[in-house]
Amino acid sequence: MSITASPPDRIAGASRRSGTLYIGDPGMWSWVAHRITGVLTFFFLFVHVLDTALVRVSPEVYDEVINTYKTPFVGLLEVGLVGAVLYHALNGIRVMLVDFWGKGPRYQRPMLWAIVGVWLLVMIPSAVIMFTHIFGGSPA
Amino acid sequence: MTAAADTATTSTDASDIPAPEGSITVTVKILRFNPELDSEPHWESYDVPALPTDRVLNLLINIKSYVDGTLSFRRSCAHGICGSDAMQINGINRLACKVLIKDLLAKKDKQTTITIAPIKGLPVMKDLYVDMEPFFEAFRAVKPYLITYGNEPTRERIQSAADRERFDDTTKCILCACCTTSCPVYWADGSYFGPAAIVNAHRFIFDSRDEGAEERMDILNDAEGVWRCRTTFNCTDACPRGIQVTKAIQEVKRALLFKRV
């Protein structure tokens, strides 16, 4: 009257379940943000290499393309770019310290809060300056 | 005897559970899966009485004893030593026998819901019961035993307190799989050795009496070895024994990098 174990293939069907969010350590979310900012920066670099390469094709076309960037929308993207690069750089230093400094793993959380602090300290004035440029109508 | 009939109509009537004085009603939401009936896991909720001093394991045992005997989960010692009852409780890996209800209570006047799911990354066989074999396979792969060459000494293998201290932290592992199944890299790619295997390799690599460090380092230098670690620290956070898991992995990485044990 015993219930026999399910065949292995049936068990495999339920493996690798999804659907529950793992509320991990802040370190996990710093890693997620590191990935996202890294990919975003890569996309920027990709476009940046392309538009800069245009100079060699035709300086006039290059000027034309660069002129299309002078809109508030691209300005917002630039603020985002500064934020992404800054986070990626700061967290990169943190990751290196975790890797190479013996006490790094112990202080990973304080280091995360520290880089978040530095990020805010740099981003707030930068964003103010950039927004005044974007919406202040300063000459290009 | 009527197992099939019972599971078909899952009862969630918890009135039979003894409710001692001072107990409150909490909702226990469990991700259930019966491979013989379900194609997908589904959530099942149980309103059960609980004392603030109860552990999550007590609630699970009550549900199994009084509400639905088909609820499956592992537990053995129930005192945080055997490492059987690792599960995802409120979104983080914990031993059900070490989590007190009072630490999970919702802010006053709100209904407390405790969410319990099986640990991630290992095949679910039934309810909270997972196939641990891939986990133990990775554990065995790092040769977690003393390796020595040459003649046996005629007396004990002497070790200084300072040498013992180097791997003291990693001797605490109880192989509950909380760390390995909290690792995003392990969820995405089951071929990664996982934190627990590296912790147990660390325990011997840094043991002055052991001579197998080279072999283990070769194994862990593999593409699926320590270099897959992205230092997310989920493992350190999950470890019920308080092992600094990420630190141990980093020590193995540095030993590989600088050829120094």
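How much space lies in the largest cavity? In this predicted model, the largest cavity holds about 100 Å³ of space.

Rolling a probe the size of a water molecule over the atoms shows where empty space is left. The count comes to three cavities of 30 Å³ or more. The lining of the largest cavity comprises 14 residues. Those nearest the centre of this cavity are Cys173(B), Cys176(B), Cys179(B), Cys239(B) and Ile243(B). By class, the lining has 14 nonpolar residues, with no polar and no charged residues.

Chain B, to which these five residues belong, contains nine helices and seven strands. Overall values for the chain are set out below.

| Property of chain B | Value |
|---|---|
| Span of the C-alpha trace along its principal axes | about 65 × 40 × 35 Å |
| Residues that count as buried | 50% of 261 residues |
| Exposed area | about 12200 Å² |
| Part of the exposed area supplied by carbon and sulfur atoms | 49% |

With regard to contacts in chain B at a separation of 6 or more, 67% are accounted for by residues 24 or more positions apart.

The domain assignment divides chain B into domain 1, covering 3-129, and domain 2, covering 132-147 + 160-257. Domain 2 of chain B is thus given as two segments. The contact between these domains takes 16 residues from domain 1 of chain B and 16 residues from domain 2 of chain B. Taken over C-alpha atoms, the centres of domain 1 and domain 2 of chain B are separated by 30 Å.

Conventions. Residues numbered from 1 in each chain as written. Chains lettered and ligands numbered in written order. Predicted model: local features only at pLDDT ≥ 70, side-chain atom pairs only at ≥ 80, totals over all residues. Heavy atoms only, no water. 1 Å grid on protein atoms, 1.4 Å probe; cavity = no way out; pocket = protein on both sides within 12 Å on 5 of 7 lines; lining within 4 Å. Points joined across faces, edges and corners; volume = space filled by probe spheres on them. Nonpolar A, V, L, I, M, F, W, Y, C, P; charged D, E, K, R; others polar. Helix = DSSP H or I, 4+ residues; strand = E, 2+ residues; numbered from the N terminus. Buried < 20%, exposed > 50% of the residue type's maximum accessible area, 1.4 Å probe, protein only. Contact = heavy atoms within 4.5 Å. Areas by Shrake-Rupley, 256 points an atom, 1.4 Å probe, with all protein chains shown as cover. Domains from an automatic or database assignment.
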